[in-house]
Amino acid sequence: YSVLLGGLASNNKYALLGGLRSAAQMVSYEVFMGLSLMGVVMLTGSFSLVDIVEAQRDGWYAISQFLGLFVFIIAAIAESHRLPFDLPEAEHELTAGFHTEYSGMKFAMFFIAEYVNMFAAAIVVATLFLGGYRFFGLEEKVPVLAPIIVFAKATFVIFCMLWFRATFPRLRFDHLVGFAWKFLVPLTLVNL
């Protein structure tokens, strides 16, 4: 809501267009983010994060749920508006999108929210697909390392997200939404 309301409140047509693009992008990719997690829930038989981590004692879900992991990471990058999915802020088209009229602390809040969203998605990936605090029995021998293991896995996921940003070019908005509904829907259903 904050992105859409921020685009509306700035009283600028480019900011409003950026806010509407952002809302459309979030609605499109939120569906697949949730559906990609259903494979993990079905394998575990529980919504509890503790049960999901404990179910990965013999092997991470990143292997058996590779399609779910792929869809979740793509959706997480799109949800956090990182390149190549940063079309609500497309500098060349919308002059910085929904935060055109904002500076100082208001701009910083939008900017920080993208990075917090990226870090939260990385923690979810580390917990649901990469075994959480489990790392080949090391967490049982040295229990103090459990939070460090989760942080290292999340840092690796963030590194992959930033690498993705540096590798791929920006998409057109119609291709972005079309990719979500034409490619990720069948992929998610195959995963389920």
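Where is the place of Lys 153? Lys 153 lies in helix 9 (helices are DSSP runs of H or I with at least four residues, numbered from the N terminus). This is a predicted model, in which local features need pLDDT of at least 70 and side-chain atom pairs count only at pLDDT 80 or more, while totals for chains, interfaces and linings use all residues. Residues are numbered from 1 along each chain as its sequence is written, and side-chain values use heavy atoms, without hydrogens and water.

**Lys 153**
- Lys 153 counts as buried because its relative accessibility is 7% (buried means under 20% relative accessible area with a 1.4 Å probe, protein chains only).
- Apart from neighbours within four places in sequence, Lys 153 is in contact (heavy atoms within 4.5 Å) with residues including Trp 60, Arg 134 and Phe 135.

**Nonpolar core**
- The largest nonpolar core (buried Ala, Val, Leu, Ile, Met, Phe, Trp, Tyr and Cys residues joined through side-chain atoms within 4.5 Å) has 33 residues, of which Tyr 29, Phe 72, Phe 85, Phe 129, Met 161 and Leu 184 touch the most other members.
- Elements giving two or more residues to this core include helix 2 (13-44), helix 7 (104-128) and helix 10 (173-191).
- Helix 5 gives the most to this core, with eight residues.
- Leaving aside neighbours within four places in sequence, Phe 85 has contacts that include Tyr 29, Ile 74, Phe 164 and Leu 176.

Conventions
Buried means under 20% relative accessible area, exposed over 50%, partly exposed in between (1.4 Å probe, protein chains only).
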